[in-house]
Amino acid sequence: MNGWTKERRERQAELIRQWQPWAKSTGPKSEEGKERVARNAWRGGHRQRLRELSKEVNAEIRQARELIAAAL
């Protein structure tokens, strides 16, 4: 355990609710900070690339099926 008792956690939660640090948050001020937080959700674009590859593979499969159907 981390040494925090139930009472200590409750007390800290109450203090944080009183302080309301989220109400004082203003976000980044500098251009560098704004650029950095703008990339927070970016995870490398892997999902988008997988979607593109999936579309390419499906197009190839459709084309192959059409060729097979035409040959029959």
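The radius of gyration used here is taken over C-alpha atoms, and the yardstick for a globule is 2.2 Å times the number of residues to the power 0.38. By that rule a compact globule of 72 residues would come out near 11 Å, but this chain has 27 Å. The model is a predicted one, so local features need pLDDT of at least 70 and side-chain atom pairs count only at pLDDT 80 or more, while totals for chains, interfaces and linings use all residues. Residues are numbered from 1 along each chain as its sequence is written, and side-chain values use heavy atoms, with hydrogens and water left out.

The overall layout comes next. Along the principal axes, the C-alpha atoms fill a box of roughly 75 × 40 × 20 Å. The chain has four helices and zero strands, where helices (H or I, at least four residues) and strands (E, at least two) are DSSP runs numbered from the N terminus. Read along the sequence, that gives the pattern α-α-α-α. Two C-alpha pairs put some distances on the layout. Glu 10, in helix 1, sits 58 residues before Ile 68 in the chain, with 69 Å between their C-alpha atoms. Gln 18, also found in helix 1, is 34 residues from Glu 52 in sequence and 49 Å from Glu 52 in space, C-alpha to C-alpha.

As for the surface, buried residues make up 3% of the 72 in the chain; buried means under 20% relative accessible area, exposed means over 50%, and partly exposed is anything in between (1.4 Å probe, protein chains only). About 7,200 Å² of the chain is exposed, and carbon and sulfur atoms supply 54% of that. These areas come from the Shrake-Rupley method with a 1.4 Å probe, and for residues only the protein chains shown count as cover. On the charge side, there are 17 positive and 10 negative side chains, and the centres of the two sets lie 6 Å apart. Lys and Arg count as positive and Asp and Glu as negative, with His and the chain ends not counted; each charge is placed at NZ of Lys, CZ of Arg, CG of Asp or CD of Glu.

Helix 1 covers residues 6–19, which is 14 residues, and reaches 20 Å from its first C-alpha to its last, close to the 20 Å expected at 1.5 Å a residue. The expected span is 1.5 Å times one less than the number of residues. Within helix 1, Glu 10 counts as partly exposed because its relative accessibility is 45%, whereas Gln 18 is exposed at 53%. Just after the helix comes Gln 20, with a positive phi of about 50 degrees. Most residues other than glycine have a negative phi. Gln 20 lies in the loop between helix 1 and helix 2 (21–24), and its 37% relative accessibility makes it partly exposed.

A search of the whole structure turns up three salt bridges, each one being a side-chain nitrogen of Lys or Arg within 4 Å of a carboxyl oxygen of Asp or Glu. Side chains of opposite charge can pair when their charged atoms come close. In helix 1, Arg 17 and Glu 14 are three residues apart, so about one helical turn separates them. Their closest N and O atoms are 3.3 Å apart. Arg 17 is partly exposed at 47% relative accessibility, and Glu 14 is partly exposed too, with a relative accessible area of 34%.

Another bridge belongs to helix 3 (residues 31–38), where Glu 32 and Arg 36 lie four residues apart, about one turn of the helix. Here the N to O distance is 3.9 Å. Glu 32 is exposed, with a relative accessible area of 58%, while Arg 36 is partly exposed at 48%.

The remaining bridge to describe is in helix 4 (residues 46–71), with Arg 49 and Glu 52 three residues apart and therefore separated by about one helical turn. The closest N and O atoms of Arg 49 and Glu 52 are 3.3 Å apart. Both residues are partly exposed, Arg 49 with a relative accessible area of 41% and Glu 52 with 35%. The spacing in these pairs fits a simple rule: an α-helix has 3.6 residues a turn, so residues three or four places apart point the same way.
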